[in-house]
Amino acid sequence: MQLLIPSPLWEQILAHAKSQAPKECCGYMLGRSEGESNILTHFYAMSNIHPQPKEHFSFSPAEQLKVLREFSHLQIIGIYHSHPHSKPIPSQEDRAFMFFETYSNLIISLQGGISFASYRKINQEVQSESVKIYNTL
Ligand SMILES: [Zn+2]
């Protein structure tokens, strides 16, 4: 399993994470699935409406509807969020909220520099997948 991200979009997702710190950022990843690969072609930066946004995130239902409408031609391939103060390891809550086996769950950590990891929950088990950031030029 792998998640493929073109570098210009990766830079934008990273910029979103940095701009929201010390709060967690969150968003949808869109594109298509090919076999074991989720290929990102678009992302949508969501507002984090959780009352404790430094340690948690939740999506706004209104924005979720907007994404579904605006990107109905694309597949939702996953969700990303940031960990401004911890490593890119899914919390209990993160694990519990992985509902769809096809989704990549990307976590971007800003703790002591940038690191990241992506996970999928297959048969109720959270597994890590590789993340490839590639140059489009
Ligand atoms: Zn988390």
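Which residues coordinate the zinc ion? In this predicted model, the zinc ion is coordinated by His81 and His83, each through NE2, and by Asp94, which appears twice among the donors through OD atoms, with distances of 2.0 to 2.7 Å. Along the chain, these donors follow the spacing H-x1-H-x10-D. Histidine 83 lies in strand β4, residues 75-83, whereas aspartate 94 belongs to helix α3, residues 92-96, so that this pair, 11 residues apart, links distant parts of the chain.

The geometry of the site deserves a careful reading. The 4 donor atoms around the zinc ion subtend angles of 53 to 159°, and the arrangement is therefore irregular. A tetrahedral assignment would require all angles to lie between 85 and 135 degrees. Because water is not among the atoms, sites may look incomplete. Two of the coordinating residues can also be placed by their accessibility: histidine 83 is buried, with a relative accessible area of 5%, and aspartate 94 likewise counts as buried, at 9% relative accessibility.

From the metal site we turn to the nonpolar interior. The largest nonpolar core has 17 residues, of which Ile5, Met29, Leu40, Tyr80, Leu106 and Ile108 touch the most other members. Two or more residues of this core are given by each of the elements β1 (2-6), α1 (7-20), β3 (37-46), β4 and β5 (104-109), and α1 supplies the largest share, with 5 residues. Such a grouping can be set beside a general tendency: in soluble globular proteins, nonpolar side chains tend to be buried together.

Methionine 29 gives a detailed view of these surroundings, since, leaving aside residues up to four places away in sequence, its contacts include Leu3, Leu40, Phe43, Ile77, Ile79, Tyr80 and Leu106, and also His42, Gln75 and Ser104. A second core, separate from the one just described, has 12 residues, among them Tyr44, Phe71, Leu74 and Ile76.

The strand pairing can be followed through β7, residues 125-134. Strand β1 runs parallel to β7 and is joined to β7 by 5 bridges, with isoleucine 5 standing opposite isoleucine 133; isoleucine 5 is also one of the residues that touch the most other members of the largest core. Strand β6, residues 115-122, is joined to β7 by 5 bridges as well, but in this case the strands run antiparallel, and arginine 120 has glutamine 127 in β7 as its bridge partner. The hairpin of β6 and β7 has 2 residues between the strands, and within this hairpin asparagine 123 takes a positive phi near 50°.

Technical notes. Residues are numbered from 1 along each chain as its sequence is written. This is a predicted model: local features need pLDDT of at least 70, side-chain atom pairs count only at pLDDT 80 or more; totals for chains, interfaces and linings use all residues. Side-chain values use heavy atoms; hydrogens and water are left out. Donors are N, O and S atoms within 2.8 Å of the metal (3.2 Å for Na, K and Ca); water is not among the atoms, so sites may look incomplete. Four donors count as tetrahedral if all angles lie between 85 and 135 degrees; four count as square planar and six as octahedral if opposite donors are over 155 degrees apart and all others between 65 and 115; anything else is irregular. Helices (H or I, at least four residues) and strands (E, at least two) are DSSP runs, numbered from the N terminus. Buried means under 20% relative accessible area, exposed over 50%, partly exposed in between (1.4 Å probe, protein chains only). A nonpolar core is a set of buried Ala, Val, Leu, Ile, Met, Phe, Trp, Tyr and Cys residues joined through side-chain atoms within 4.5 Å. Contact means heavy atoms within 4.5 Å. Two strands pair if DSSP finds at least two bridges between them.
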